[in-house]
Amino acid sequence: MKVISKQRNSRMCMICGLDNEYGVRAPFYNMEDGSVMTMFQYRPQHQSYPGRVHGGLVTAMLDEMGLRSLWAKNRSEETFGVTLSLDTKYRKPVPYSTDLLGKGMIIRENSKFFVTDAKIMDMDGNVLASGNIKYIKMPAAAIAEDCDSHEEMPYLMEDDRREF
């Protein structure tokens, strides 16, 4: 599937923050079908049981893809959201130090809310974990005091990825 554009990364987010030494530092891409995709690796620091990623970090990635699917669909990073509920299904162990794919897509949206479907897959397309996530739309300034989305999301690191 064709990449349309790349999304920004933040400073300190556990999933996308480029300045977070313990973070995943995942890149995210707007896709031609309106979804968001990423290729990433968890690291040994993200372990739960040996060889497996902690379920909370798996759910955090699903949540991140959910919000970013709104940006992919609308081709804008201006609208933010707060998670209302997240139903995670852990299907298979998620390994660290292995390339993984993530995909998120809006399944319902209105002026105040949106619902997304997100998945983490191995490179063969097997779904390791999935989530159905509900959000309320909010401006960044209403979510956190002194939150300027342009200061917190400063990194747009273009690369050569053109498709998944």
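# Naming the contacts

Visitor: What makes the link between the side chains of Thr88 and Thr59 a polar contact?
Guide: The two side chains approach to 3.1 Å. A polar contact is a pair of N or O atoms within 3.5 Å, where one must be able to donate a hydrogen and the other to accept it, and residues adjacent in sequence count only if both atoms are side-chain atoms. The 3.1 Å value is within 3.5 Å, so the name fits. This is a predicted model, in which local features need pLDDT of at least 70 and side-chain atom pairs 80 or more, while totals for chains, interfaces and linings use all residues. Residues are numbered from 1 along each chain as its sequence is written, and side-chain values use heavy atoms, leaving out hydrogens and water.

Visitor: How do you know whether Thr88 is buried or exposed?
Guide: Thr88 has 19% relative accessibility. Buried means under 20% relative accessible area, exposed over 50%, and partly exposed in between (1.4 Å probe, protein chains only). Thr88 therefore counts as buried.

Visitor: Why are Tyr29 and Phe164 called an edge-to-face pair?
Guide: Their ring centres are 5.5 Å apart and their planes stand at 65 degrees. Rings of Phe, Tyr and Trp (its six-membered ring) pair if their centres lie within 6.5 Å; planes under 30 degrees apart are stacked, over 60 edge-to-face, and the rest tilted. Both tests are met, so the pair is edge-to-face.

Visitor: Which of Tyr29 and Phe164 is buried, and which is partly exposed?
Guide: Tyr29, at 3%, is buried, whereas Phe164, at 24%, is partly exposed.

Visitor: What makes Arg161 a charge over the ring of Phe164?
Guide: Its charged end lies 4.4 Å from the ring centre. The rule asks for NZ of Lys or CZ of Arg within 6 Å of the centre and within 35 degrees of the ring normal. Arg161 sits over the ring by this rule.

Visitor: Why do Asp33 and Lys103 count as a salt bridge?
Guide: Their N to O distance is 3.2 Å. A salt bridge is a side-chain nitrogen of Lys or Arg within 4 Å of a carboxyl oxygen of Asp or Glu, so this pair qualifies. The partners are 70 residues apart in sequence.

Visitor: How do you know that Lys137 and Glu109 form a salt bridge too?
Guide: Here N to O is 2.7 Å, which is again within 4 Å. Salt bridges that share partners join Lys73, Glu109 and Lys137 into one network.

Methods. Helices (H or I, at least four residues) and strands (E, at least two) are DSSP runs, numbered from the N terminus.
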